[in-house]
Amino acid sequence: MTVELAKQSAYEAAFRELIQIRNDEPSWLRRAREDAFAHFERVGFPTVRDEDWKYTNIAPLTRTKFEPVFGTTDAARSLNGHAKDFFLPETKDSQLVFVNGVFQRELSSLNLPNGVVISDIAESLRQTQHESRLREQLTADQANGFTALNTALFSSGAFVLVPRGVELTAPVHLLFISQSQNGDAPASFPRVIVIAEENSAATVVESYVGIGNGAYFTNAVVEVVARAGARIQHYKVQRESNSAFHIANTIATAARSSLYATTNINLGGSLSRHDIAVTFAEEGGECAVDGLYMISAEQHSDTHSIIDHRQPHCTSRQLYKGVLDGKSHAVFNGKVFVRHGAQQTDAQQTNKNLLLSEEARVDTKPQLEIFADDVKCAHGAAVGQLSEDEVFYLESRGINPALARNILTYGFAEEVIERIKIDSIKKQLDEVVLNRLHSGLDI
């Protein structure tokens, strides 16, 4: 038996265990889990022979024996006050906390306006008024082996529902903490479903952090639905441990005159992959998909995005920046589809990368596929190093060369961080960036 098949066999044992534990789930969800696991068994994990995974070899992930977590463990109990280090003051009354993928009620805090729902998916499934919404999302087609495995094995997740016409003033924080203990290698399968009904508005923060340097595997699936006139601001901050594997799929659907704006920060993980798919299902939608990956040593970061303009009069903007040091490797593949009949589409896509070492490498591939004739579309990519003229200019003002390079690198990354409108997150990210550059701003 190959190593990959052995790992799939281990996931099968975990799947059977979960089915027994969750014997009170709706029959449709059990069928969805069974179909998803059957799909995973058919397709398995992707390999470099798959075009979309050509530059990302997940062999280190498949070689590791991970243990899916379905309940609160000793690792979760040992957190005690450490979880508070990751809380945000702006979300003190609207946060869900998960440890190794399992919902932790005692660490969560919910004080919400009437009608707003922020809860564990497992709890919402027991409420008939939410079951139909959840069923629609949880029974959708599986994009790949990772999303199928998530559907089969998720035990906890976040369900966010913002009713028609309601505007949440405070952000919602979905905090996923991972921790390995005593040499174990836990696997978690977070599932997030966000639905903003007609003319509603919300800001959602999705953050992933690791405690310690042990290996673990996070396989997350996030589904966002913006109904007509809704406005969703979505931030994702990935700060996993240096030994972690992080695979995430974000699927967003924008209805008539809605707005979906997301900023994704990728800093952690030994190997990370984020697939983002935004679909304009009705006319007049807007989206902004921005991101920053800042990696060093031998980290590998892969971003694949698809923005699907299926309807006319829609606008998309995408800006992704990368800062690479050491022997790190980044991949960016962005596709913009403009379908037949999607006239008056306005789509702009940019990827810029800054290499701080001679051994860092990036593979970037922005793409446009246009099947309409009345559109305004553009894309571009750039890979380069710091400008020696700019460094010299700062040196001529009395700044030492190392600090000059750090200031310029900070400015390059800050363009994306500045798009985050939550002060505490911006402050944290500023500190992280500066710490990585081994320099402060004082000059």
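In this predicted model, the side chains of His 309 and Ser 316 are joined by a polar contact of 2.9 Å. His 309 belongs to strand S17, and with a relative accessibility of 0% it counts as buried. Leaving aside residues up to four places away in sequence, His 309 touches a long list of residues, among them Phe 280, Cys 314, Thr 315 and Ser 316. The list also includes a run from Val 336 through Phe 337 and Val 338 to Arg 339, as well as Ala 342, Thr 345, Asp 346 and Ala 347. Gln 343 stands 34 residues away from His 309 in sequence, and the two C-alpha atoms are 9.4 Å apart in space.

Strand S17 comprises residues 300-309, and Asp 302 is found in this strand too. Is Asp 302 buried or exposed? Asp 302 has a relative accessible area of 2%, so it is buried. The side chain of Asp 302 forms a polar contact of 2.8 Å with the side chain of His 304. Beyond its sequence neighbours up to four places away, Asp 302 touches Thr 56, Ser 272, Arg 273, His 274 and Val 331.

These details may now be set against the whole chain. The protein contains 10 helices and 22 strands. Its radius of gyration is 22 Å, close to the 22 Å that the globule rule gives for 443 residues, and the protein is therefore as compact as a globular protein of that length. Measured out along the principal axes, the C-alpha trace spans about 70 × 55 × 45 Å. Of the 443 residues, 56% count as buried. When contacts between residues at least 6 apart in sequence are considered, 83% of them join residues at least 24 apart. The accessible surface amounts to about 18,700 Å², and carbon and sulfur atoms account for 46% of that area. As for charge, the protein carries 43 positive and 56 negative charges, and the mean positions of the two sets are 2 Å apart.

Among the helices, H7 (residues 145-153) is mostly covered, with 9 of its 9 residues buried. Those buried residues are Gly 145, Phe 146, Thr 147, Ala 148, Leu 149, Asn 150, Thr 151, Ala 152 and Leu 153. What caps the N-terminal end of H7? Asn 144 does so, through a side-chain oxygen that lies 2.9 Å from the backbone nitrogen of Phe 146.

Helix H5 spans residues 121-124 and contains Ile 121. This isoleucine counts as buried, at 0% relative accessibility. Apart from residues up to four places away in sequence, Ile 121 touches Leu 134, Phe 154, Gly 157, Ala 158, Phe 159, Arg 191 and Ile 193. His 379, by contrast, is 258 residues from Ile 121 in sequence and 38 Å from it in space, C-alpha to C-alpha.

Towards the start of the chain, Glu 25 is placed in the loop between helix H1 (3-21) and helix H2 (27-43). Although it sits in a loop, Glu 25 counts as buried, with 16% relative accessibility against a cut-off of under 20%. The side chain of Glu 25 makes a polar contact of 2.8 Å with the side chain of Arg 33.

Two asparagines deserve attention for their backbone angles. Most residues other than glycine have a negative phi. Asn 100, however, has a positive phi near 50°, and Asn 199 has a positive phi of about 60°. Each asparagine is found in a loop between strands: Asn 100 between strand S2 (94-99) and strand S3 (102-103), and Asn 199 between strand S9 (191-196) and strand S10 (201-211). What is the relative accessible area of Asn 100? The value is 4%, so Asn 100 is buried. Asn 199, at 52% relative accessibility, counts as exposed, the cut-off for that class being over 50%.

Terms used. Residues numbered from 1 in each chain as written. Predicted model: local features only at pLDDT ≥ 70, side-chain atom pairs only at ≥ 80, totals over all residues. Heavy atoms only, no water. Helix = DSSP H or I, 4+ residues; strand = E, 2+ residues; numbered from the N terminus. Rg over C-alpha atoms; globule rule 2.2 N^0.38 Å. Buried < 20%, exposed > 50% of the residue type's maximum accessible area, 1.4 Å probe, protein only. Contact = heavy atoms within 4.5 Å. Areas by Shrake-Rupley, 256 points an atom, 1.4 Å probe, with all protein chains shown as cover. Lys, Arg positive; Asp, Glu negative; His and termini not counted. Charge placed at Lys NZ, Arg CZ, Asp CG, Glu CD. Polar contact = N/O pair within 3.5 Å; in protein donor to acceptor, adjacent residues only side chain to side chain.
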